[in-house]
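Hi everyone, thanks for making time today. I'd like to walk you through a few local details of one model, so please pull up the viewer.

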Amino acid sequence: MSAKAIYEAKGKELLNKYLTDEAAKNRFAVVTETVNWDTLTADHPWLLTEKLVVKPDQLIKRRGKLGLIKAGVDLEGVKEWLKNKLGREFEIGAAKGKLKNFIIEPFIKHEQNEEFYLCIYSSRYCDTILFHHEGGIDIGDVDAKAVKLDIPVLEEVSDSDIKSKLLSKAPASAQEPLTKFIKALYTQYRNLHFTYLEINPLVFTGGRLYILDLAAKIDQCAEYLCKSLWGDLEFPPPFGRDALPEEAYIAELDAKSGASLKLTILNKSGRIWTMVAGGGASVIYADTICDLGGAKDLANYGEYSGAPSEQQTYEYAKTILSLMTAEIHPDGKILIVGGGIANFTNVAATFKGIVRGLREYQQKLIEGNVSVYVRRAGPNYQEGLRIMRELGNTLGIPIHVFGPETHMTAIVSMALGKREIPHTPRPMNTTANFLLPTGGVVQAPSICRQQGGLTGASPATSRRGSVNEPSSRSEGKVTVPDQSQQASSKSERTQTLFTEKTQCIVWGMQQRAVQGMLDFDYVCSRREPSVVAMIYPFTGDHKQKFYWGHKEILVPVYKNMADAMKKHPQADVLINFASLRSAFESTMETMTYPQIRSIAIIAEGIPENLTRQIIKEADKKGVFVIGPATVGGVKPGCFKIGNTGGMLDNILASKLFRPGSVAYVSRSGGMSNELNNIISLNTNGVYEGIAIGGDRYPGTTFMDHILRYQDDPNVKMIILLGEVGGTEEYHLVSAMKSGRVNKPVVAWCIGTCAKMFTSDVQFGHAGACANAEAETASAKNQALTDAKAYVPKSFDELGTLIKDVYDKLVENGTIVPEPEQPPPTVPMDYTWARELGLIRKPASFMTSICDERGQELLYAGIPITDIFKEDMGIGGVLSLLWFQRRLPKYATKFIEMCLMVTADHGPAVSGAHNTIVCARAGKDLVSCLASGLLTIGDRFGGALDAAAKQFSDAYTSDMIPMEFVNNMRKEGKLIMGIGHRVKSINNPDMRVVILKEYAKKNFPATPLLDYAIEVEKITTSKKPNLILNVDGFIGVAFVDLLNNCGCFTGEEARELIDVGALNGLFVLGRSMGFIGHFLDQKRLKQGLYRHPWDDISYIMPETMGLMGEDTDKI
């Protein structure tokens, strides 16, 4: 999410609503391709009586210069002008698109000298108002002509400043109205979270101000604050790129998900499609495709990140594949499934969703001659790559799969035929191997130590010595660039952030992240854990269990921040996992405690106005803020923030357990982990790495960290991964030219592909959007090259360039190689080991009826959505949960009928009576229901199973009904299911009559029911109330159903009877009645029940003579 442009009509609507009398109200009518002129004129009668102005409202710049404004005509003139424009395709610059949205306004007659230019825009530390006393289409270079007024964050603008700094050349008669208008406009600019607002021209005529043309951007992240103020707000696509239904669908998924899902269609007929994980990685893949000549064939831009579920990635993949396979390309198509090394996303889970999508579109992929190229790493990547390789064996299209051993963008050059496809990629150590004492770390390449290092030091010393104490090693010389100029002394902003003794507090219940930090601490040979406390305001104070190596430890969790700070005064870092809605408040509260020197804000989507307030407060307090929208950072051997660095296998593979010589700073969190990998493969490893965050205003800047690296003697080489948007990289250019930064700098700004697109594209990060030529990635890369930074031709060559610069440092003696030392081993958590398939354990429970683990609840393997789509009803659900199969419709209907007829039988029966007594005693629903259910047994309601068994046994034994009745009498046993207190052969139970008619009409056969009816004839001949009652009927009829529906074997049917399935029908049905009686008693407000004395026979024993003479005398 980011600052997004809105329609001119919507901008004017907002100003109409929130400005008062500072300017004339904007009158406008919107015209689209479906316009009904009669309705439009009825809604806006002024269209028929006034001169008008008409223009497209589609984010088109310089409409007047392009001849896209028609002014001073009546409605017929407007219609005539629109005839060859509305719905027609136009070419504006490199963009082609339909003109389909116009705005009509009254024509305001005025003179040229009555036009002004006004613009408000935001930057890191202030809002700026630009004003020029000559507006209109011929204004020219505004930046050079206009006067400006900077308003620092949280400060107000004064009338005197507006007049003196902006309006000195405005006509005297207009100054007072302009002052009032500008002040009111700026107030609404802040209140409504605008990020850009331009009015040109702003006209003052006849004593009133009129807003003629308006362009605006609004901070989409502020929606949760401003939804009621904005109303319905649409963010239109730029001209030349229509919003497709598929894009809208992904945007809807993104809005409903905590993950990030983005999709922009660039060319529906393109042959190169991407499905990339990570905001930074998505830009780099697009860059590489364009750099290698694939710009015209690039079909889409998008990304998925933030640990989406399997179902979410399936929906994302399915959407892309539906677009990709809609057309067949004569050269076939390419699908790039790429990504960096994830920090916390389960790669296997996301790949399972992609695999589902690929299987679903298998035939279309084959028909379209599609080739798939996969490169990914991160948590559980081995399993993810395995299922991708297995898919390649069965899908029928080529799938080339690579892991972290392959450079991230190498698959692009393979796909485009610029590089050979290796059939035996270099193997990497698996997760399991890295966790063994003799695993891959011991055989890793030699590390390199700075000149003067102690080669014979112990592992612990070698990992920590260069981190905690200021180094006394001499600085080596590098021929390029010149290091003769030494950096100036450290300022407050170039302090050391983390040491091996750093202690932090974590805001939020983030057990996985905290355990990852503790595992990192342990493998770095820290003496104590870095996490000393957690804050979670939604529970009371308690302790949370974690592992420290092999043993368990307790970390205190506090409800409020004050207690945590008071009890842990040595903690100077806070890692804030609060959501975007609460991150601002919790961060501002944190900065009231002087002990905190650094704060990491993980949340993405904090409104820019709030972020700027955080920055201002942090600068005032001297606090380093990393983020928002970041994974954090890492200082190998010392400290890591949250999920930075990913799983332990990646930490070990990237040698993050001890310091190297290379420090980096990037915006992207995902790409920071990729840099860890690239640096470890080409140098002696990372000294420190920070991801400042992808938002437009990160808490700290590139230079805040680069200056720290410059002033730290342990850093020998600096890497910057910048991106399109903003101008921060130019501060580094200036610092290099002035000599403030003189260490070797390898730099690359991602987003070079932006110049290839015919319309603006908002990349994955909120700040990744160029608003001027200087903000483009290409311009920045050229400026860095001119400043003598090492800049590769593309990201594809970044690793090679890093190695070249590093080798020079080794060659001239600045860095001296030293043997690698193995870190301590850390046990793997059981749950993760099982996820990776490294261990197995018998389950304590087994279930075969329901699975709630996936995206959708399954009943006996059937998704809950299908159950509703097919209208299976409660009978269908019971058939799945009780019998593990779908029964015929007549059978599920019979189940529902049984539940209906057994739901209740009045308050007098024992179960209902107990429920009522319990309810009147003030007990809760569950207690009352249990009281009623406990009465169910052989004497009340429990005859279904017994009746089914007795009648079945007699029938299968070939007993005739008379013989069965006689045998039961001889044995002195009751025939279960026969007999009723009230009903008789002459007064039949209508419940039985209804069920009998249904069974006879719909069941394939009813042999046992027929047998029971013959038995009933015999018993009723002796006594008319010895009828087949409802329990008996359901019992025998259900046996017929099980035996004759074709869904069960005889053995299965008998087993269901034996385990009590039929009694379950009575229990479930009667539970509805019991609950009804409970609610009825509560509704009637009945008091405690006491049984009346006159309904009890008191039969007490005679006292005299029963207990002996001595007792009688007492």
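How far is the sulfur of Cys-918 from the closest cysteine sulfur? Keep in mind that this is a predicted model. The answer is 3.8 Å, to the sulfur in Cys-928, and that is too far for a bond, because a disulfide needs the two sulfur atoms within 2.5 Å. Cys-918 counts as buried, since its relative accessibility is 15%.

In fact, the structure holds zero disulfides. Take Cys-753: the nearest cysteine sulfur belongs to Cys-290 and is 5.0 Å away. Cys-753 is buried too, with a relative accessible area of 0%.

Now let's move along to helix H33, which covers residues 943–956. H33 has 14 residues and reaches 20 Å from its first C-alpha to its last, close to the 20 Å expected. Several of the residues in H33 are buried, among them Leu-944, Ala-947, Ala-948 and Phe-951. As a reminder, residues three or four places apart on an α-helix point the same way, because there are 3.6 residues a turn. And what do the buried residues of H33 pack against? Their partners are the helices H34, H36, H37, H38 and H39. Just after H33 comes Asp-958, with a positive phi near 60°.

Last stop, the surface. Trp-1093 sits in the loop between H39 and helix H40, and with 61% relative accessibility Trp-1093 counts as exposed. Together with Ile-1096, Tyr-1098 and Met-1100, Trp-1093 forms a nonpolar surface patch, with about 530 Å² of accessible area in total.

That's my tour, and I'm happy to take questions!

Definitions and conventions: Residues numbered from 1 in each chain as written. Predicted model: local features only at pLDDT ≥ 70, side-chain atom pairs only at ≥ 80, totals over all residues. Heavy atoms only, no water. Helix = DSSP H or I, 4+ residues; strand = E, 2+ residues; numbered from the N terminus. Expected span 1.5 Å × (residues − 1). Buried < 20%, exposed > 50% of the residue type's maximum accessible area, 1.4 Å probe, protein only. Contact = heavy atoms within 4.5 Å. Patch = residues over 30% accessible without salt bridge, like charges linked within 9 Å, V, L, I, M, F, W, Y side chains within 5 Å. Areas by Shrake-Rupley, 256 points an atom, 1.4 Å probe, with all protein chains shown as cover. Salt bridge = Lys/Arg side-chain N within 4 Å of Asp/Glu carboxyl O.
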